[in-house]
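Q: I'm in my first year and still learning to read structures like this one. Could you take a close look at a single part, the place where the two chains meet, and walk me through what's there?

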Amino acid sequence: MSARTAIAWGVQDLTVRYGARTALDGVSLEAPGGAVTAVVGADGSGKTTLLRALAGVVRPAAGSVRRPDRRRIGYVAGASGLYTDLSVDENVAFVAAAYGISGPERDARIELLLEQTGLTGTGGRLAGRLSGGMRQKLAFALAMLHEPELLVLDEPTTGVDPVSSAELWRLIAAAAAGGAAVVVSTTYLDEARRAATVVLLEDGHVCDAAAVLRAGDAARADRPGDAPSAGDHDAVRLAVADGAVRRFGAVTAVAGVDLEVRAGEVVGLLGANGAGKTTLIRLLLGLLRPTSGRVLLFGRPPSRATRERLGYVPQGLGLWQDLTVAENLSFSAEAFGSAAPDLEPDLAAASGTLVRDLPLGLRRRLAFAAALAHAPELLVLDEPTSGVGLGARAALWDTIHRAAAGGAGVLVTTHHLDEAGECDRLVLMAAGRVVAQGALVDIVGDGAAVAVRAERWDEAFAVLSAAGLPAAVVGRDLRVPGGDEAAVRAALAAGGITAALSVVPATFEETFVRLALARQDSTPSDPERTSQ
Amino acid sequence: MRAIAVKEFRELRRDRRTLAMLFLLPFLFLVVFGYAASFDIQDVPTVVVGSGAQTIAGALPATFDVVATDDGEDRAAAQDRLRRGEAVVAVVTPAAGNGAATVLIDGTELFAAQAALRSLAELKASAASGVAPGGLSALGGASSPSVRVSVLYNPELRTAVIMIPGLCGIILVFVGTVATALGVVRERQSGTMEQLAVMPFRPRDVFLGKIAPYLLIAALDMVIVVVAGMLLFDVPFRGSVATFALGALLFLFVTLGTGVLISSVSQTQGQALQLAVFTMVPQFLLSGLFFPLYSMPWGVRWIGYALPLTWFIKVARGVMVRGTPIDALWLPLVILAVMAVAVFTASTLRFRRDLAPAGGPEGTDSTDRPEAAGGSADTTAAGTVS
């Protein structure tokens with residue numbers, strides 16, 4: 001622990017080139033022990049390169065890297081670096097053998113890590129069969145196996161549902177509390193608030209993170225409150241799920257969902273991985289048929305005719321990579337029998353470019369343009385903003401709001417809980433059921449959390465964790481969801497820690513996690529929440 | 001080092017396709033090269049015609065497998081039998097015991113023709129040294145020049161003449177199976193198959209639109225090979241173009257259907273390629289392309305008969321090189337038609353189900369998982385990053 005202030009790993013004036021392309025240009029980063037450092041940026045901003053340089057996987061063209069010996073680094077690559085054809089135990093055994101950890105120390109360490117990551121009992125399962133969140137937690141456990149001094153995690157929460165993501169951040173905080181220097185990259189700016197320091201990357205350069213964070217808050221405040229107009233409830237019901245159930249063999253993916261999307265409203269569909277969001281969307285699109293219950297599109301069961309009135313942007317964007325921008329658009333125009341749309345200037349300028357050569361942001365806007373070209377009455381968007389930078393994200397939401405203002409109904413799924421505020425109405429799913437729906441303020445209601453400001457956040461964190469009060473770290477403050485101030489005070493007092501406590505309104509994320517976990521823990525439904 | 005080797009073995013154990021390839025391919029090659037691949041041809045199908053046919057037939061060496069004898073037929077009738085592919089060698093005995101016997105050999109059966117020529121040469125040599133078995137005197141007595149041997153259709157026994165028709169088959173397998181499977185899997189892997197499913201297309205439109213380009217390309221490829229073969233290698237085209245086209249079309253439907261079936265059980269292009277290779281290797285080796293089926297042991301021969309390429313090669317070589325008429329090719333054509341209908345129907349049903357149209361029939365289906373869409377999106381995302 002004494003090393004914590006003495007050693008700071010990091011990079012200084014680092015430049016990395018891939019051939020002619022400069023991925024990083026004079027970037028500096030300091031990663032002190034016992035703290036979390038976040039690297040934030042959109043896809044292609046150089047996050048991964050910076051982390052790879054720090055982990056010693058790429059050779060810098062200029063600048064210096066300060067890192068511990070290779071055996072003291074834990075590195076999780078974006079694609080999580082697990083062997084999907086090996087079981088959890090076999091993955092663990094391989095990493096343990098690779099770092100020469102053996103004997104009783106090995107077994108104790110493995111048991112502890114699997115317990116912390118909630119993976120106890122999954123030993124025989126193939127890593128490839130785990131959910132995205134569990135895979136990331138396993139990758140984290142593997143990286144922590146040899147107690148590294150420097151832990152480098154590349155986008156551990158990308159594509160991970162909010163519940164798992166909250167757990168991962170708790171694990172990350174625990175690693176920092178244990179003295180390790182932790183460097184985490186993310187595309188989610190709001191996640192950066194959990195870190196002690198933030199490095200914001202854009203096109204291989206460092207930007208002023210504080211300014212962008214402030215700008216983001218300002219932009220959100222500026223957005224006109226999308227107050228649903230009074231007449232909304234009379235609007236046309238475009239998509240209706242009526243007690244929809246879908247089973248796959250023994251698994252019930254969607255267990256009786258009632259949902260409707262009306263003309264002119266943006267409905268946000270939120271839920272952990274495996275909550276049934278994707279299956280529900282596929283039911284509504286007519287890609288799957290309900291095992292029981294009803295799904296109606298425009299008042300009828302989904303058919304070829306309903307598909308003409310539907311616009312869909314899947315998570316993978318559904319573009320043909322080997323066709324140009326213009327060819328993609330003319331194909332979908334022909335499929336829907338509509339005219340090719342007028343393009344924004346920068347898409348029009350790229351009309352002869354192959355989609356695979358297009359930057360991700362443009363690709364996404366192309367997918368939107370293709371889905372909107374035939375003026376669909378219902379727009380279904382699956383994770384439309386994952387991996388998108390802050391500015392581009394705002395632009396995509398503008399497009400969504402414009403479509404809704406034009407009378408289309410929009411159903412959108414997202415893992416970005418801070419985007420919940422963009423939706424007129426939210427539908428929260430867990431374990432195949434709707435656990436809450438309504439406007440954001442109604443769902444959060446009067447939920448509360450206890451904010452803890454202690455002299456030593458890491459000690460407070462450890463004491464609270466030991467007392468079964470898992471806390472989230474926000475910068476150097478702690479938040480304990482639930483608002484049971486007395487319990488928090490007692491736990492801290494028992495641990496001999498003095499801290500300032502205050503009860504604050506719960507965030508949407510805390511509410512979401514509570515609802516999702518409540519559903520997972522107990523099966524009986526909550527009729528007050530499910531009805532509007 | 002040890003840790004990595006252990007990990008590799010564990011992974012291999014789970015990757016059943018690669019494992020199958022690692023252990024089944026050697027076995028397959030063992031069977032093929034042990035039993036089937038033999039340049040030492042036995043049992044060359046032979047007909048013997050003319051007076052004294054019975055006697056001669058009984059006296060021929062073991063190389064010749066006499067499939068028919070006819071006292072009444074003449075040289076023209078015997079040649080017609082070769083043209084129709086009923087036999088590879090025809091022995092025409094001289095009329096009324098004088099004049100020379102004629103041996104006709106079908107040059108499209110390269111190795112069999114060579115074996116027959118070798119055997120005849122040995123016969124002549126032994127006849128010259130006076131140890132010829134008695135019955136063979138009818139073949140022209142002791143004087144060797146009196147046996148006239150003529151190789152038909154491919155007198156110089158050139159390899160190109162028999163390989164070009166076979167090559168057409170290989171091209172159809174390649175474009176039909178490999179390219180189609182990769183094309184369909186690419187659509188699925190990149191997640192755009194789902195996009196097609198939500199567009200207002202009928203499943204039929206998607207299916208036909210998806211395979212029509214491959215059908216055209218395969219047809220074009222085949223025309224190029226045939227024309228190039230004729231111009232560059234002097235390969236003859238003696239038969240009916242229509243018969244050839246019919247055989248090619250039927251065969252193409254089999255290979256396209258196989259490609260679609262492969263795509264429906266493959267998640268990635270790598271898996272599809274692996275499976276396609278798995279279906280192609282036995283076709284190349286056991287279809288009679290190189291080694292004639294009749295000289296293989298029964299067990300292996302039946303594998304050959306079950307392969308569509310076997311029947312297409314019969315049609316292609318017969319029509320191009322020998323000018324075989326359509327009525328002599330009814331068996332291969334009917335077999336190809338049956339295979340085409342079976343494979344194509346299966347692939348259409350499979351494709352329909354994979355496309356999962358809301359209006360279409362759908363049973364309880366354990367193969368599509370709720371996570372499937374998320375999984376494929378993950379792979380796409382990973383692909384874009386790297």
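A: Let's go straight to the contact between the chains: 40 residues from chain A and 37 residues from chain B take part in it. Keep in mind that this is a predicted model, and everything below is read from its atoms.

How much area is that? Between chain A and chain B, about 3,500 Å² is buried, and carbon and sulfur atoms give 60% of it. If you're wondering what such a number is for, the size of an interface is often given as the accessible area lost when the parts come together.

Now for the charged partners. There are four salt bridges between chain A and chain B. Take Glu90(A), which pairs with Arg10(B): the closest N and O atoms of this salt bridge sit 3.7 Å apart. That pair counts as a salt bridge because the cut-off is within 4 Å. On top of that, 11 residue pairs are in polar contact across the interface of chain A and chain B, both residues of each pair being at pLDDT 80 or more.

Which pieces of chain A do the touching? At least two residues each come from helix H3 (88–98), strand E10 (237–248), helix H9 (277–285), helix H10 (304–307) and helix H11 (325–336) of chain A. Out of the whole side of chain A that touches chain B, H3(A) has the largest share, with five residues. Sorted by class, that side of chain A comes out as 20 nonpolar, nine polar and 11 charged residues.

It helps to set this beside a contact inside one chain. The domain assignment splits chain A into domain 1 (3–221), domain 2 (233–426) and domain 3 (444–530). Look at domain 1 of chain A and domain 3 of chain A, whose centres, taken over C-alpha atoms, are 25 Å apart. Here 15 residues of domain 1 of chain A meet 16 residues of domain 3 of chain A. These two domains bury about 1,200 Å² between them, with 63% of that area from carbon and sulfur atoms. On the domain 1 side, Val163(A), Arg170(A) and Arg194(A) supply 42% of the area buried against domain 3 of chain A, more than any other three residues.

You can meet Arg194(A) again in the salt bridge count: the rule finds one across the interface of domain 1 and domain 3 of chain A. Arg194(A) and Glu509(A) join their side chains in a salt bridge, at 2.9 Å from N to O. Helix H6 (residues 162–177) of chain A gives the most to the side of domain 1 that touches domain 3 of chain A, namely eight residues. By class, that side of domain 1 of chain A has 10 nonpolar residues, one polar and four charged.

Finally, zoom in on one residue of chain A. Thr385(A) sits in the loop between strand E15 (378–382) and helix H14 (390–405) of chain A. Thr385(A) has a relative accessible area of 1%, so it counts as buried. Its neighbours, leaving out residues up to four places away in sequence, include Arg364(A), Trp397(A), His416(A) and Glu419(A). With Glu419(A), Thr385(A) makes a side chain to side chain polar contact at 2.8 Å.

Technical notes:
Residues numbered from 1 in each chain as written. Chains lettered and ligands numbered in written order. Predicted model: local features only at pLDDT ≥ 70, side-chain atom pairs only at ≥ 80, totals over all residues. Heavy atoms only, no water. Domains from an automatic or database assignment. Contact = heavy atoms within 4.5 Å. Buried area = accessible area lost by both parts, 1.4 Å probe. Helix = DSSP H or I, 4+ residues; strand = E, 2+ residues; numbered from the N terminus. Nonpolar A, V, L, I, M, F, W, Y, C, P; charged D, E, K, R; others polar. Polar contact = N/O pair within 3.5 Å; in protein donor to acceptor, adjacent residues only side chain to side chain. Buried < 20%, exposed > 50% of the residue type's maximum accessible area, 1.4 Å probe, protein only.
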